[in-house]
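Here's a walk through a few spots in this model, chain by chain. Keep the viewer open and follow along.

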Amino acid sequence: MMNKLFIFAGLILFTVHFPACSDEFFELTNPPEFPWLTVSEFERAAVSPYNYSFFSGWGGEFFMTDRVFRECMTDVVYRIPGASANFPIDVIYNRQTDIDDGRNQGSFSAGYKAIGLINTALDFYEQYDGDPFPDASGDDKVHNVDRIAGELHFMRAFAYLHHCYRHAPPPGTPGFSKEKILPYRVSFTDAEAATNARFVSTDTIYDQIERDLQAALELLPEKYVEGLHHPSYAYGRADKNTARALLSRVYFQTGQWELAKEQIDALIASGAYSLDQDPIEAFNRSDVSRGNEVIWQSINYDEAHGQTVVPKDATLFTFLDYRAINGGLGEYFRRSTWHTYSMSNAVAKQLGWMDEAGNVTPAALRDKRYTQLFYRLEGNRGIVDDDPKVYEQQYTQVKEPRIWGNKYFRGPDGMHTNVPVIRLAELYLTRSIIRYTEGDLSGAADDLNVVRTRAWDESVAGATYASSDQFVTTESITAEMIHLERMRELAFEGDRLTYLQALVLPIPAGERTNTGEVPFPYNGMYWTIPQKELDFKLEN
Amino acid sequence: MKLHLFQSLLLLCLGTFVFAQEKIISGNVRSAGDGEPLPGATITLQGSTEGTIADVNGDFTLTVPEGSTLVVSFVGMEDHRFTVDDRMQYNIVLNAQVEELDELVVIGYGTRKKKDMVGSVSSVTSEELTRMPSTSFTEAMQGKAAGVQITTSSGVPGARTNVLIRGSSSINLSTAPLWIVDGMPIYSGGGLEKTIGSTSQDPMSLINMNDIESIQILKDAEATSIYGSRGSNGVVLVTTKSGQAGKSTLNVNYSSGILRLGKEPEEIGFTNTLEWLSLVDQGRANSGLPPFDPFDIIKFFRDDPLATLTREQAEQIDVNWFDQILRTGSYQDVNVSGSGGTEKSNYFLSFNFNDTKGNPLKNFFRRYSARANLNFNPLNNLTLGTRLNFSYTNNNRVQQQVGGATGNNQGGASAGFGNANRIALTWFPIYNSAHPSGYWNPMSGANLVASIDDDHHFDEVEVYRGLGTFFAEYQVPFIAGLNIRSEASIDFIQNNSVFWVSETLREDGSYAFDRAVTRTGINFNVYGNYNRIFAGEHSIALTFGSEWFMQQQYNRDKEGQNLTGTYKQFGQPADILSVYAGLSNEEYMWGYIGRGQYKFRDRYLVGFSLRRDADSKFGEDYRWETFPAFSFGWILSEENFFASFIQVMNFLKLRGSFGETGNKNIPANRFVTTFSNDLEDRYGEAGLISGGTRISNLGTPTLTWETTNSYDVGVDFGFLENRIGGSIAFYRQDVTDLLLRSELPPSAGVSGIWNNVGDMRNQGWEISFSSVNINNTSLGLRWKTTFNLTLSKNEVLALTPRYDQEGLGVSKGRTISKTGKALWNYYICEWAGVDPAKGVDMIHEIDYEHWEETGETVKTGRLIPATQTNLSRNRIVFEDKTSQPTFFGGLDNTLEFRGFDLNIFFSFTGGHYLYDYEEQRTTSVQYGQVVLRKELLTEAWEAPGDRKRYPRLVWDSQYQWGWDIDKANPEWDGDPDDPRATGYWTNTGDGEPTGVYNNESGSYSKYLYRGDYIRLRTVQLGYTFPSGLVQRVGINKLRLYITLSNLWLWTLEYEGWDPESGGGQLPIPRTYSFGINLTF
């Protein structure tokens, strides 16, 4: 009997322990791996925030969607009645900022995804006191590891700045330092922190933006150097001048104009950019090149990326279809079918590009920006066979002439045209208004003239700009001149709203009939935080 | 059964018997159900052990005293008694036993007499399964077993079915049960093939239902805790057929039929062209716009050349897109199987071919399946066996997904039935001679004919699946009752899918996605079973052992565009969009098994089981867990005091159990933060940078098992010699440490996180009855009814403190789960009709500030318009309306009369609500881009005073009447606590719109319907030819039958396509088929 019991027990042990279990059994063949094991792999952390910022086709990024939103809330645009698109066109135009719109939700989410990834990478960088790859070469550490950290700081600033543009009261407004309005995340998060965002007032975010851009200035190189930097850094990425340019925007926005001017001065002094090309040259690149004035551009030329990443929201406020080729005009004529916002005729008249009767003016015809970056269509005449390149045929209800923005999809391969993010002309105009405000009328006029000279078409005007009566002098310059020049230069680039806010100027209604101008402090001019975020908001 | 056979053999060995005043009689014993002979049936003289057994043909010869009473017995059949008279020949027909309490039921790692079962187990037989023509046996299980809820996701052949046992016992996305086929845990999830707008294929469709002998569904902890960490959602044990000693048979089954659309488009009610134009014109006129110009939509298309159309031309076109892309489907199923055996071995071999052409044109599903089940006894105490199954399916798919915006380059990705419901307008032409392809705007996704043209579209998935189990069982000779068994199993799936479209359907040029997935699951166990009876009244059964399981998946993806050549394959494209190859979904699991049952005097049962599991899905410190269970049973009908009831109630058993099980149905590596570095997330050329980093999972190091504490009490009973039988059980499942991928705020930068979120309770009743209503052997009439009903109710007991403190819940789509409430209550606005004066949709306002503070949704009593803003701010938790059915079941009637048999089977589900988004999208003019329903012609608001279901038709959802949440309310009574102090109508008075009512994403209860339905699942009429007739031509059995499935559907409220598949999915088809069963 005992023998049987022993045998029984032995069999039980055999079944239970054959084969024996060990910790090795649970080891995965491919366990989760840290994403950046080498400096080269760390480069993938650097590029991801750009991808979040610029790519994803219809919405889902924040750069182009924000541009459309911001521009179309201003007086610059006019919403074509009856035009429709699967886009919150009226919500934007009517400034119904309390609407929790899906496009804004997408931008909000994309921005914070970029920030989350950046925080992870910067935590990694800082965890090792800036030396996360001790075995890397000294050159690699300086030119790539530190440079990547600089880009990460830069892109975090860029993402937060867009969040402020979109969702926060602008600097100087009463709510700027009071309303705890934006989630503030500067470190990679664990589960608890992920659920409980700390909301802060906008001034705290702006302080962070400034710190990040200062850090970027420290870490970023002057420019890409072949052989030193990772080859992908050559195109569309931030360098020291890009950081200067963005920092100047921030200083300008926050009223720190002297600091803004310092950054612009340094950038211009670097000599890396110039206004020596026609305006179109900044907007017609669907390859690795850039226009001479382009300080930073989002690169869309990568055809293998397909059309899913190109910024299609631009079709809402630009003339060309995103599939246009060779500039989309003439024999390649291809108009956007989603086109909903033209330039306001009131603004066109302000700019001197349309007379009171609606006719094109000589001033327009001699302005290269007008002739190269805008497109005028005469009103629909009710004639079916009218030339659609000349007369409005898409919207038969549009009887008056309209000027359309034409700054996107202009490259040989339309959809893969790079998009300028910051151009030199903007900085000249910023410095011009700063100088003007400071009483440096000569400097202001000089800056303004640099921009106007580039735009001047001598062959049409029949005289040089300097010899024309349009040349600005210390005596003739006014603030309004600078404001209008900025619209001519930067219309449909999402600049107008923040510019007016920086100058504490009212935002005109444009051609809107259901609302008036919106003065400082711009109540209702920033968009509600997505409800999905507010669902998690703790009182703090 | 073994004992029975032993007795039979013993009788056979005795050879001949001698009786006084003997008479030699002969006869034949057959089954009443299928008319098959019953070899081995025993014919004994009542009151003695003398007799004989029937041979392989069911024939017997016996010398017996005249006037004696003989008892004919066979396993699973009711005994038949007859008196020997002056006849020499007796043809005996045995009926199947209504309840065979000695029947062995397959349980985890063993078998047990049904009488001794104290766990909650339901069974589905082979006969019940094969009655329903289907590509997947899981679909055929619907309504057959108490506690088992099955829904089919689509009417497309091979579509996935969702199986829930005893309702949702988890907030986890996957509540799928564990499937064990012949001891092998198999993969039942989806996601293996690349699916771009088409319906994914259920891997269970690779299993031939004709091979299945029986299915046992283990439901309570007593039954499932032996599976430990995998048992929370129930366990389904599938046993395939085996050969029998001395009985060689060849079965040939063929069935064929047609598949009609489950519901016709006319029953939904879509407008024709002129009706559509009239509604759109009305909307535009109401918005101050001229009549509709077709170019308003055509301009969104992307084709080159873009075909234009005048209004006059459009009015002349009326395309019924459903007719263009749908057809009457068909299927044929051929199944050949052979089985037989000797004392030392037996076999079962089968081959199956199924060819189903679905309702969508060009869509077909083909399956080839072969099986070999072999058992050998090379030694007296040793049995070796194998279960080998190899299947191959070829699934040619068409797109089903509804597209987004009109013309958004959807030609290759979304088309078919989904777009016929919404995007393809009746005035869109099919053909355009000016287009190189001959089609009208084929890139749009709205030309459904172009999208399924073989020259431009190809979407195929081929799946190879090998299921193999090898086992050895050794009867330990020197310890009676002890056997050791070991099983090694493999589940191998090779899934190859190719999606290809030509440049005609896609703006960026031709495109292909090629995915090959190799998924392997290996399971190995060693366990012992010890069964002994001591002193005649102490019975014990012990099980002990260990098991390990590992699975992994290897993916190879290739995506490219601008392909070279004309082959429908990836080839060598000009642009490689993405390439990936790698290992994923690794999992390693180890478990120790222990179970014991003690029975005293054949009436008192107590049991326990213990499983200790470890799994690589959790961190080292949280990897191991123990899952115990305890059970009891009391067979009252064996007690002496029950003797007076025994004539009426012949069986009564009380049973109960308590135990723990686990759930770990989460992806691997969720306890650590993980990242991806995908090529598509790059910035810069692929040649310069290989990808961009993204956070794919935010890790939770403390992640651990979700634990279910199950309580189960029940009573099993039998009346009138078990002619009426059944059981009633109450169950409760308290789930703790709920595993859930809960949402995070968007600012987290990660969309969700896995965590052990909270607790919930799931409880209900299961009732099942069966009765033999008529059993008249002289007339050959037998009527049997079975009925099962499950009542299910659940409640979330706790979420995380953060969620509970803020009153937040866990949301999923339009539903939310909150503490104190049922799972997945609808969380949408409450519709309050159309304002008769203004013609806009109205909803109930909630106290928004109160909601922000507490998370409670309390109505203010005011009705406000359903503007986009109001729809996002005024959602209400509908506590009485969930998406989860609260009852379901089935009613099955079988009538047998002589050779005829008739089966009528109903299944039903109810207590839940369905949101009809298709109605929402097609009852608003919006931008004139969607199909519209006829109901708008009469039910749209037109003038003040109208009381209609739908608001005034306007263009672009822009209404003159808006709502400003900050505007002072002139009707406010001055009460500072009244939340209605602000918020009021806006209206400029000049007709300019001030309100945006675009409700594509907003949801309100207008479209919420009770989901209750009853479906006449199958009606089958069969006729079995007299055996004497067919045996003349060498056939043992010949049965012909016709089957009608899904013939009738009743819904309480829902008027969409199908309450089961829901939304714009292809409804489950009606099938009309005939078949033939041949046995040789």
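## Helix H6 of chain B and its neighbours

The buried residues of H6(B) pack against three helices of chain B: H7 (295–298), H8 (311–315) and H16 (936–939). Bear in mind that this is a predicted model. The buried set of H6(B) consists of Thr273(B), Glu275(B), Trp276(B), Leu277(B), Leu279(B), Val280(B), Asp281(B), Gly283(B) and Arg284(B). So you'll find charged side chains on that list, including Glu275(B), Asp281(B) and Arg284(B).

How does the length of H6(B) work out? Helix H6 covers residues 273–286 of chain B, and its 14 residues should span 20 Å at 1.5 Å a residue; the end C-alpha atoms are 20 Å apart, so the two agree.

## A mixed sheet in chain B

Next up is an open sheet of five strands in chain B, ordered E10-E15-E16-E13-E14, with mixed pairing. Strands E10 (121–125) and E14 (184–185) of chain B sit at the edges with a single partner strand each, so one side of each has no neighbour in the sheet.

Further in, E13 (residues 178–181) and E16 (residues 235–240) of chain B run parallel and are joined by four bridges. If you want a residue pair to click on, Trp179(B) is opposite Val236(B) in E16(B).

## An enclosed strand

Strand E31 of chain B (residues 692–697) is largely enclosed by the rest of the structure, because five of its six residues are buried. Its partner here is strand E30 (residues 674–678) of chain B: the two run antiparallel, with five bridges between them. Across that pairing, Asp678(B) stands opposite Gly692(B) in E31(B).

## A buried threonine in a loop

Is Thr867(B) buried or exposed? Its relative accessibility is 4%, so Thr867(B) counts as buried, the cut-off being under 20%. That residue is in the loop of chain B between strand E43 (859–865) and helix H14 (868–873).

What does Thr867(B) touch, once neighbours within four places in sequence are left aside? The contacts are Trp963(B), Val996(B) and Tyr997(B).

## A nonpolar patch on the surface

Over on the surface of chain B, there's a nonpolar patch of about 540 Å². Its members are Leu779(B), Phe897(B), Phe900(B), Leu1021(B), Ile1042(B) and Phe1074(B). Take Phe1074(B) as one of them: this residue belongs to strand E55 (residues 1070–1079) of chain B, and its relative accessibility of 45% makes it partly exposed.

## Chain A as a whole

Now for chain A, which has 19 helices and eight strands. The C-alpha trace of chain A spans about 115 × 55 × 50 Å along its principal axes. Of its 540 residues, 63% count as buried. The accessible surface of chain A is about 18,600 Å², and carbon and sulfur atoms account for 52% of that.

As for sequence separation, take the contacts in chain A between residues at least 6 apart: 70% of these join residues at least 24 apart.

## Helix H14 of chain A

Helix H14 of chain A runs over residues 424–438, and its 15 residues reach 21 Å from first C-alpha to last, close to the 21 Å expected at 1.5 Å a residue. H14(A) is mostly covered, with 12 of its 15 residues buried. Among them are Leu424(A), Tyr428(A), Ile433(A) and Ile434(A), along with Glu426(A), Arg431(A) and Arg435(A).

Right after H14(A) comes Gly439(A), and its phi is positive, near 95°.

Definitions and conventions. Residues are numbered from 1 along each chain as its sequence is written. Chains are lettered from A and ligands numbered from 1 in the order in which they are written. This is a predicted model: local features need pLDDT of at least 70, side-chain atom pairs count only at pLDDT 80 or more; totals for chains, interfaces and linings use all residues. Side-chain values use heavy atoms; hydrogens and water are left out. Patches are made of residues with over 30% relative accessible area and no salt bridge: like charges are joined within 9 Å, nonpolar side chains (Val, Leu, Ile, Met, Phe, Trp, Tyr) within 5 Å. Accessible areas come from the Shrake-Rupley method with a 1.4 Å probe; for residues, only the protein chains shown count as cover. A salt bridge is a side-chain nitrogen of Lys or Arg within 4 Å of a carboxyl oxygen of Asp or Glu. Buried means under 20% relative accessible area, exposed over 50%, partly exposed in between (1.4 Å probe, protein chains only). The expected span of a helix is 1.5 Å times one less than its number of residues. Contact means heavy atoms within 4.5 Å. Two strands pair if DSSP finds at least two bridges between them.
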